[in-house]
Amino acid sequence: MEFSRRSRLRPEAQFGMDSVLDWLIPHNVALYAIPPMVDLSITELQSLALERLKVLRILEQATNKNLKLSSDEGRETVFNEMNHAGLKHYVRLCQGNHSKDQDLAARRKDYLSHFILRFAYCGTEELRRWFITREMELFRLKFAGLSPQDVKDFVMKYEMGYLPLTAEQKSEIKDGLYDSTIYHSVMQIESMDFYKVRFTDVLDLVRGRRCYLRAGFAYVCASDFVSIIANKHQQLLEDGLQAHLRLLPEVENDERFAMILKELHTSYTGKDYRVSKTGQIPIESLDQLSKKSYPLCMRYCHDTLRSKHHMKHGGRMQYGLFLKAIGVTMEDSLRFWREEFTRGTVTLEKFEKEHAYNIRHNYGKEGSRINYAAYNCMKIITTNVSPQDTHGCPFKIWEPSVLKTKLSAFGLSAAHAEEVVGFASRGHYQIACGKYFEISHNTKLEEGITHPNQYFDLSQITVGARAPKVKPQNQNRRTFGSQDTSMASVRSTQQDTTTMNADDDTELWELMESNEKEAKEGIKHESLLLKQPEPAGNTQAKKPTSEWGDDEDFDVSQVEMDQN
């Protein structure tokens, strides 16, 4: 991926692109030292970038849930998420070093996608900090899967100049090695590889008293070697981003690249919600569902529409597409909006002329006939709104005092409301939404909230209206093998703390750790009152929305069974 206009010798022209890439990437754990010079189509470039962005966001969610990526539990959780998202080639890179064809293909995708994202994340300090933190997490995840022999291969192939101690050298300092590795037995220590490095290269190990010091040198075991490489890798990332920043104006001269790079960070990489696959939702149930299963952004839209009987275009788009994705049919949607708008200042004729077309258009029945997807969290958060609008993310646009009042009115205690407002005031809007879900449903989330319809689906599963989907388990789980797993678990806190310090987000760490301690065993499910559906032969007319009772309960599962 060469954007410079200067003429230069292209080695791939002489040796072939695949051979050059294999030379640049001799190991599953890449250092990304030299930018690749390859030809990619716009589609390939965008696909590679979005795949890697999915990986980095999975790691971000794992970190926000306080998972330690160097522990067996943390690695298995992340691998399951990657497999579920169709990112098996990244999982292969995290399970040791191999030279199979699948690994070589995965290395190429990994290498190319990294340099694409450098252009997308070099523009501001905030973006650079996020990118470096996530890339360091991915680097540690990959390095933790290496065996001692894989570490030797890594050092040799990248010509780093580190050599393991010989048996004679280990014998001279064996007492010091025993004292500095208290979590290993004598037999394990005798079979382990140790490296001699300058103590200034492993200050985190020195601080944690996890290496033997002698005459200005530190003696580090192979399982801790990641500390040495991580510092060098982070410096390479920082220098690389600065180099890409200098090239960015030239790249952005091409409008195609400029548009992709500008929108990449806010791109949605989760499930696409267009039409519900779990059954239809009668509009008579919306009042009840809005109180139990709506995220705050959609509940505010619904409450505003019911009280003012009108909504601006932005709100109609945000809420209307949400309703379509949860299972409201086009006919019911037309009836719902018609009854609400005609209760206000809009006449029936005006509604049919100005609004009915847009509703049919959202369902793909008019105009270009595109089946539009519901808005995701990132789109809602980044949308510009005015004070009179009802769309947008309440956690972002509402003042802390207003948000706290609303949360208290929706049943949250003062302490819980303050906790949610705390996340929102620091810019963690989706974490605040997830905390609101946990408090209102009295449960713990296993995934971050990235879409209003995801919130709705999770709520319906939690209250028992739908059966949970079973995620496929990782069948290729690999243990650490010759590396000691217990030591890895003990080291995890210190290793991950280094990465978070780079992100300067210690306060968030402390909050997430306190939440983990407060988690209770088991999940309390809220019961949903059952309401029998009307007989098929009942010809009684449907009630208008104005007569829906706020206290009437509704069971989505009953409707789904009735339709099946």
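This is a short talk on confidence, one helix pair and two cavities in a predicted model.

Hi everyone, let's begin with how far we can trust the coordinates. The chain has a mean pLDDT of 78, with 77% of its residues at 70 or more. Confidence peaks in helix α16, at 95, and is lowest in helix α27, residues 485-503, where the mean is 38. At the start of the chain, residues 1-16 have pLDDT below 50, and the model gives this stretch 28 contacts beyond near neighbours in sequence. Residues 516-564 also stay under 50, and there the model has 75 contacts beyond four places in sequence. Where pLDDT is low, the predicted coordinates should not be read in detail. Please keep that in mind for the contacts of residues 516-564.

Now to a helix pair. How do α3 and α7 pack? Helix α3 covers residues 42-64 and helix α7 covers residues 125-143; their axes are 9 Å apart and meet at an angle of about 85°. The two helices are therefore roughly perpendicular to each other. From α3, the contact takes in Arg52, Leu53, Val55, Leu56, Arg57, Leu59, Glu60 and Thr63, while α7 brings Trp130, Phe131, Arg134, Glu135, Glu137, Leu138 and Leu141. Sorted by class, this contact of α3 with α7 holds eight nonpolar residues, six charged and one polar.

On to the cavities. How many of 30 Å³ or more turn up in a search of the whole structure? The search finds ten.

The largest cavity has a volume of about 140 Å³. Its lining consists of 13 residues, and those nearest the centre are Arg316, His355, Asn358, Ile359 and Asn362. Helices α17 (313-326), α18 (330-342) and α20 (356-362) each give at least two residues to this lining, with α17 giving the most, four residues. The lining of the largest cavity is a mix of six nonpolar, six polar and one charged residue.

The second largest cavity holds about 120 Å³ of space. Here 14 residues form the lining, and Cys297, Cys377, Cys393, Phe395 and Cys433 lie nearest the centre. At least two lining residues come from each of α16 (296-308), α21 (377-382), α22 (394-397) and α25 (429-441). What is the make-up of the lining of the second largest cavity by class? There are 13 nonpolar residues, one polar and no charged.

One last link back to confidence: α16, which helps line the second largest cavity, is the helix with the highest confidence in the chain. Thanks for listening, and I'm happy to chat about any of this.

Methods. Residues numbered from 1 in each chain as written. Predicted model: local features only at pLDDT ≥ 70, side-chain atom pairs only at ≥ 80, totals over all residues. Heavy atoms only, no water. Axes fitted to C-alpha atoms, helices over the stretch in contact; angles between N-to-C directions. Parallel < 35°, antiparallel > 145°, perpendicular 65-115°, else oblique. Contact = heavy atoms within 4.5 Å. Nonpolar A, V, L, I, M, F, W, Y, C, P; charged D, E, K, R; others polar. 1 Å grid on protein atoms, 1.4 Å probe; cavity = no way out; pocket = protein on both sides within 12 Å on 5 of 7 lines; lining within 4 Å. Points joined across faces, edges and corners; volume = space filled by probe spheres on them. pLDDT = per-residue confidence, 0-100.
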